Amino acid sequence: MKKLSFLLILLTVAVISQAQIATNIYWVKFTDKANSPYSIDNPEEFLSTRALERRANLGIEIDEYDLPVNPQYLQAVADCGAQILNPSKWLNGVSVYTSSQSVINAINALEFVETVRNCPNYPEAQRDKEIWLANELKATGKAVVSRDIYGGAHDQVYQLRVNELHDMGYNGEGVVIAVLDGGFTGTPDQSCFDNMRDEGRLLGIRDFVYGSESVYSQSTHGTSCLSTMGAYDPNNMVGTAYRASYYLFHTEDGNGENIVEEYNWVSGAELADSLGVDVCSTSLGYIDFDMPQWDHHFEDFDGHTAPMSIGAEIAASRGMVCMNSAGNEYAGNCTLGIPADAEHIVTVGAVNSAGVRADFSSTGPTYDGRIKPDVMAMGEDTYVASGYGSWWPYYNGSGTSFSCPVLAGAVACLRQAFPTASVQQICDALRAAGNYANNPDNYYGYGIPDFVEAYNILLALSVDETALGEDEMFSVFPNPSKGKVTVALKEGADKANMTVYDNIGRIIVNTLCVNELEAVLNSLSSGVYTVKADSENGCQTVKVVILK
C-alpha cells in the first residue's frame, strides 16, 4: 500500500491556476529525513523496477538521497495552510504556494524546517528570456531536405558519425530519455512523432510548473528539441535516437525567470531517476533572475553551489547521463548558464555544419578552473521540427538548445551499445573522441565527438581492465586515466617489446622496460593512444585514453 501511495503521489499533480503569481511561491528546506517511513533496505517502495535494474547494472548503491522527503514533514507544511507544489528528495525540501505571511511564519516555526526562501517574480527580467527563446526558435534559413533518409537533419547526424552507429543497429532502442524543457506545444500534431506514439515510446508527461495535465502549451521549444532526437519522418527528418523512448517534463516557466524553476528541474530529474531514465536532455540555463538577490555570480559556477547544479551532480551519481546546453551568452569569462558548470554532466556548445564554433555559444571556465563546454555539436542552422503542424513542419534554427539534444540522442545510442558502462566512462569517451581532445579549451571544450571513435573506446573498456585473459599479455589501468596509470604484465611477458603510438600512428616510444612505459604514459597530454606489445608468443594492442 505504501508503494502504491508513493507512486500516486509521484504521478499525480495538483492543479495550480496559472493566475497564481510566482511572488507567492516559496522554497522550504528541511533539516533531515528523520523518522521516515521509507528505508534504503526497501527501495522498491520508491524506485521503479527499471531504476533498480539500472543501479544494479552500474553497481550504484541506494543511499539517503534516494529516500523521499518525509511525508510527515510535507503534511505538517500543508497543515500550516500552504499548497504543496514539488517536493525534492535530493535537496530535501518542497516548493509551496501561499499568499499569507502568517502561513510562512507557521512554517518557519516548525522544528524540522531549516530555511524558507521566497521566490518572487517581476516581469522586467523576463525580456531577456523572451529574446533568448525567440532567437532560438527563429528560422535562420530556408529548410532544405537532404537526399537521404535523414532529410534536413543529414549534416547534424553525419557530423557526429551517428549514422554509422545506426547502421550497426544502435538507434536508441530500449533506451529511455527524459526531455526537461519549457513546453511542448505542437508535439501531438507533429507527424515526425507518429512512429513514437504508435509504438508506445512516448512513455509519459509531467508539468512541474503549473501542475496541469498537459505539457503541450507555453512554448514549442521542447518540441523542436525533442525532434532532433526522436523524429522519424524518412527523407524529411530522422533524429539521432529515433528508436528511443521518451518522457516529456515541463520545468521552465516561460512567464518569468524565477529560481524556483531550478527546484522544478531537480524534482523533474528525480522523477526521471525513479522511472529508470538513462539520459536526461536539458536545453535550459539560468544566470539572472527577476529578483537580483537570486542572481548567479561567477563564484556560484563551481558545479556544487546552484540548486540545479547540485541536482545535476546527484542525478549523474544515480547513473543517468545528463546533457545540458552551454548557453547562448557569447564568449567571455564564464558565460555559461546553470547547470552547465556541473562537473559530471556533459555540457554542449554549438558549431555550424563546418565545425566552426557559433559565435553565440557560451564559454567557460568554471569558477574552479574546469574546462567547459565539454563537447560540441551542430547548433547553428540545426534542422528541427517547428511545432506548428503541417503548414510549417520544419525549419533551421540556432542555439545550444539544439546542439544539446542532437548529442544527447547520440549518447543514447552509446548507452544502448554499452548498458553497463559508467556515466564517467561515457563522458570520458566523448571527450577523448573529440577533435580537440589533444588541446581542449573553453571555446570548443574537447571538440566535436566522433561517435565511432567513442564506441571503440567504450568497446575497449568493456573488458575487465585488471584481469588478464588467456590471450592477453598486459593491461593498462585505470583507463581512461586522469592521473597515474599502471601497466600489468602477465608472467613471462616481461621480454615483450612495448610501443606507444599517438592517434595518427606516430611512434612515441619503443621499450622493453615497463617502468619506462608507465613513465611515458603518465607524461602524455590528453588524447587517445595505442599501446602494442610484441613477443615471440604473439602480440596485443590496447587503446589508452588520457584525460588531464
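Which residue in β20 does N497 stand opposite? The reply is in point 2; the model discussed throughout is a predicted one.

1. Sheet with β1 to β4. Four strands form an open sheet in the order β2-β3-β1-β4, and their pairing is antiparallel. At its edges are β2 (83–88) and β4 (113–118), each of which pairs on one side only. Neighbouring strands are turned by 25° against each other on average, with direction ignored. Strand β1 (residues 25–30) runs antiparallel to β4 and is joined to it by 5 bridges. Within this pair of strands, W27 has R117 of β4 as its bridge partner. Two helices pack on the sheet. Helix α3 (residues 71–79) touches β1, β2 and β3 (93–97), and its direction makes about 155° with that of β2. Helix α10 (residues 260–274) touches β1, β2, β3 and β4, at about 60° to the direction of β2.

2. Sheet with β18 to β21. A further open sheet of 4 strands has the order β19-β18-β20-β21, with antiparallel pairing. Its edge strands are β19 (507–511) and β21, and each pairs on one side only. From one strand to the next, the twist averages 15°. Strand β18 (residues 497–501) and β20 run antiparallel and are joined by 5 bridges. As to the opening question, N497 of this structure stands opposite D534 in β20.

3. Nonpolar cores. The largest nonpolar core has 68 residues, and those with the most contacts inside it are Y246, M323, L407 and F451. Helix α12 (residues 400–417) gives the most to this core, contributing 10 residues. Apart from this core lies another, of 44 residues, which includes V176, V277, F289 and L336. As background, nonpolar side chains in soluble globular proteins tend to be buried together.

4. Surroundings of L407. Which residues does L407 contact, leaving aside its neighbours within four places in sequence? They are L160, M323, V346, V348, V375, M376, A377, L430, P449 and F451. M323 and F451 also appear, with L407, among the residues that have the most contacts inside the largest core. L430, another contact of L407, is one of the buried residues of α13.

5. Helix α13. Helix α13 (residues 423–432) is mostly covered, with 8 of its 10 residues buried. The buried set consists of V423, I426, C427, D428, A429, L430, R431 and A432. D428 and R431 are thus listed as buried alongside nonpolar residues such as I426 and L430.

6. Helix α14. In helix α14 (residues 451–461), the buried residues are F451, V452, A454, Y455, I457, L458 and L461. Their cover includes α7 (162–167), α12, α13, β20 (527–535) and β21 (538–546). Two of these elements, β20 and β21, belong to the sheet of point 2. The N-terminal end of α14 is capped by D450, which has a side-chain oxygen 3.0 Å from the backbone nitrogen of V452.

7. Salt bridge R318–D66. The whole structure contains 17 salt bridges according to the search. One of them joins R318 to D66, with the closest N and O atoms 3.2 Å apart. This pair links distant parts of the chain, 252 residues apart: R318 is in the loop between α11 (307–317) and β11 (321–325), and D66 is in the loop between α2 (49–58) and α3. Are the two residues buried or exposed? Both R318 and D66 are buried.

8. Other salt bridges. E199 forms a salt bridge with R201, the closest N and O atoms being 2.9 Å apart. E199 counts as partly exposed because its relative accessibility is 39%, whereas R201, at 6%, counts as buried. R506 forms a salt bridge with D502, with a closest N to O distance of 2.6 Å. Here R506 is exposed, with a relative accessible area of 53%. Why does D502 count as buried? Its relative accessibility is 11%, and the cut-off for buried is under 20%.

9. Salt-bridge network. R54, R55, D63, D66, D273 and R318 are joined into one network by salt bridges that share partners. The network thus contains both members of the R318–D66 pair of point 7.

How values were computed. Residues are numbered from 1 along each chain as its sequence is written. This is a predicted model: local features need pLDDT of at least 70, side-chain atom pairs count only at pLDDT 80 or more; totals for chains, interfaces and linings use all residues. Side-chain values use heavy atoms; hydrogens and water are left out. Buried means under 20% relative accessible area, exposed over 50%, partly exposed in between (1.4 Å probe, protein chains only). A nonpolar core is a set of buried Ala, Val, Leu, Ile, Met, Phe, Trp, Tyr and Cys residues joined through side-chain atoms within 4.5 Å. Contact means heavy atoms within 4.5 Å. A polar contact is a pair of N or O atoms within 3.5 Å; within protein, one must be able to donate a hydrogen and the other to accept it, and residues adjacent in sequence count only if both atoms are side-chain atoms. Two strands pair if DSSP finds at least two bridges between them. Axes are lines fitted to C-alpha atoms, for helices over the stretch in contact, and angles run from 0 to 180 degrees between N-to-C directions. A salt bridge is a side-chain nitrogen of Lys or Arg within 4 Å of a carboxyl oxygen of Asp or Glu.
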